[in-house]
Amino acid sequence: MKNTYFDLIDQTYYFPALDFSLEHNNLLFHGIPLMDVIEKFGTPMKLTYLPQFGIQINKARKLFADAMEKVNYKGDYHYCYCTKSSHFSFVMNEVLKNGSHLETSSSYDMDIVSRLYKQGRISKQTYIVCNGYKLPDYIRKISELINDGFENIIPILDNLDELDQYEQYVKKPFQLGMRIASEEEPNFAFYTSRLGIRYKDIVPYYEKKIAGNSRYKLKMLHFFINTGIKDDTYYWSELNKCANVYCELKKICPELDSLDIGGGFPVPDSLNFTYDYPYMANEIIASLKNICDGQDVETPNIFTEFGTFTVAESAAALYSIVSEKQQNDAEKWFMIDSSIITTLPDTWGIGQRFIMLAINRWDKEYQKVNLGGLTCDSEDYYNSEVHVNEVFLPKIDHKDKLHIGFFHTGAYQESLAGFGGIQHCLIPAPKHILVDKNEKGEFTYEVFAGTQTAESMMKILGYENGV
């Protein structure tokens with residue numbers, strides 16, 4: 001009977017799969033030899049593969065270009081990166097290098113936009129789609145950039161009072177958008193999103209507040225589905241309602257020419273992940289064209305604001321198993337050298353599952369285990385995968401330490417955990433390594449952040465100078 005870890009993975013998933021392969025019983029991620037990285041930098045570690053951002057952006061561009069060509073869709077496609085997924089400078093630099101535009105959600109995003117402009121990474125023609133509920137400081141900073149000549153900043157009205165606030169600050173005509181308050185999915189706690197303007201208020205509000213006013217140009221209608229782009233009745237129903245509102249509004253608002261289909265493509269959370277990206281892009285474009293053609297309305301330019309899709313697949317969290325504990329006849333624990341709930345907070349907060357794999361010892365026997373973190377919190381564990389309510393890993397040999405990785409972790413985890421802040425039980429944040437490729441195609445490594453120090457935590461907690 002085959003019972004090595006490789007046999008388990010191969011029989012379950014038809015390995016190699018996705019971005020993973022094997023070399024000398026050690027795991028490669030995007031071709032990166034993870035054992036070499038661990039031997040060089042140690043664990044725990046966060047790792048980001050920079051070229052993956054461009055791969056994702058160009059993948060989406062091709063999907064929508066092909067879909068538009070297939071049905072002779074008249075309109076442009078614009079890729080926006082959703083900054084809240086990861087605000088790090090190395091992320092911004094890569095997505096902008098690949099020609100992405102930006103979608104923002106808070107006041108401090110505008111400070112990032114200003115710095116990116118000063119660094120020459122964006123121009124005053126870059127699209128900046130400003131989303132979210134806007135407090136006065138956010139509105140003021142948006143207005144300052146408009147006054148400074150940023151031509152394609154588009155504040156998306158989230159409520160019926162927002163437009164009045166721009167009149168205090170904006171000194172020139174500007175473009176704007178309106179966000180539709182979509183209905184939530186059937187199993188959600190509320191019927192309608194708290195964000196955006198109700199369907200029935202969109203056209204009357206335009207007629208009352210925007211039509212005929214030379215200061216405002218309504219360019220965009222914004223549609224967002226929190227659960228992302230899925231092939232289900234709920235998504236297609238909301239998309240169709242949005243398209244019909246667009247057509248109704250376009251008939252009385254000729255300057256309206258763009259539709260932002262917010263909500264992103266999913267990313268793999270299991271090696272057996274299946275999702276037909278071309279089919280979904282084709283269906284979205286074909287549906288919009290059919291509805292617009294049926295109402296004799298020009299098809300809109302399409303904006304997407306992909307965040308998780310852009311960054312998730314670039315990243316991994318790597319750990320070492322430091323001990324094995326048999327707590328009863330059925331429960332064996334592998335303790336990692338960090339904390340799961342502080343380094344991957346979505347596993348705790350929303351029950352998110354990531355791809356989890358051993359990095360070495362693929363030729364050894366496997367066993368069922370529970371993974372435990374270092375905090376004293378009983379919730380600091382990981383014991384189930386997407387496809388099965390269990391975790392299997394190679395058996396431990398103290399002469400050959402076992403290392404594991406969680407993959408496709410690049411979206412939200414550092415923001416939710418509070419990068420550089422205080423973690424539960426003062427478990428330090430891991431080092432963060434950036435991986436790139438040079439002109440020869442060789443991997444290069446840069447330490448973006450070292451392991452969090454006691455001194456940095458003492459400063460945050462007010463214990464400077466021994467006080």
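Helices (H or I, at least four residues) and strands (E, at least two) are DSSP runs, numbered from the N terminus. In those terms, Arg361 lies in the loop that links strand E15 (355-358) to strand E16 (366-372). The structure is a predicted model, in which local features need pLDDT of at least 70 and side-chain atom pairs count only at pLDDT 80 or more, while totals for chains, interfaces and linings use all residues. Residues are numbered from 1 along each chain as its sequence is written, and side-chain values use heavy atoms, with hydrogens and water left out.

**Surroundings of Arg361**

Arg361 counts as buried because its relative accessibility is 7%; buried means under 20% relative accessible area, exposed over 50%, and partly exposed in between (1.4 Å probe, protein chains only). Leaving aside residues up to four places away in sequence, Arg361 touches Tyr5, Asn25, Asn26, Pro394, Lys395, Ile396, Asp397, Asp400 and Leu402, where contact means heavy atoms within 4.5 Å. Of these, Lys395 is separated from Arg361 by 34 residues in sequence and by 8.2 Å in space, C-alpha to C-alpha.

**The closed barrel**

Eight strands form a closed barrel in the order E5-E6-E7-E8-E9-E10-E11-E12, and their pairing is parallel. Two strands pair if DSSP finds at least two bridges between them. From one strand to the next, the twist averages 25 degrees; axes are lines fitted to C-alpha atoms, for helices over the stretch in contact, and angles run from 0 to 180 degrees between N-to-C directions.

Strand E5 (residues 77-82) is mostly covered, with six of its six residues buried. On one side of E5 are the buried residues Tyr77, Tyr79 and Tyr81, and on the other His78, Cys80 and Cys82, also buried. The partner of Tyr77 across the pairing with E12 is Ile302, and Tyr81 has Leu102 in E6 as its bridge partner. Further along the barrel, Leu157 stands opposite Met178 in E9. Helix H6 (residues 136-147) lies across strand E6 (101-104), strand E7 (128-130), E8 and E9, and runs at about 150 degrees to E8.

Bridge counts for several strand pairs, including one outside the barrel, are as follows.

| Strand pair | Bridges | Sense |
|---|---|---|
| E5 and E12 (residues 301-306) | five bridges | parallel |
| E5 and E6 | three bridges | parallel |
| E8 (residues 153-157) and E9 (residues 174-179) | two bridges | parallel |
| E1 and E2 (residues 26-29) | four bridges | antiparallel |

**The open sheet**

An open sheet is formed by three strands in the order E1-E2-E3, with antiparallel pairing. Strand E1 (20-23) and strand E3 (32-33) are at the edges, each with a single partner strand, so one side of each has no neighbour in the sheet. Within this sheet, Leu22 stands opposite Leu27 in E2.

**Helices H3 and H10**

Two packed helices are described by the angle between their axes and the distance between the axes. The axes of helix H3 (residues 51-70) and helix H10 (residues 277-294) come within 8 Å and cross at roughly 50 degrees. H3 is therefore oblique to H10; angles under 35 degrees count as roughly parallel, over 145 as roughly antiparallel, 65 to 115 as roughly perpendicular and the rest as oblique.

In this contact, Lys59, Leu63, Phe64, Ala67, Met68 and Lys70 of H3 meet Tyr277, Pro278, Ala281, Asn282 and Ile285 of H10. By class, the contact has eight nonpolar, one polar and two charged residues; Ala, Val, Leu, Ile, Met, Phe, Trp, Tyr, Cys and Pro count as nonpolar, Asp, Glu, Lys and Arg as charged, and the others, Gly among them, as polar.
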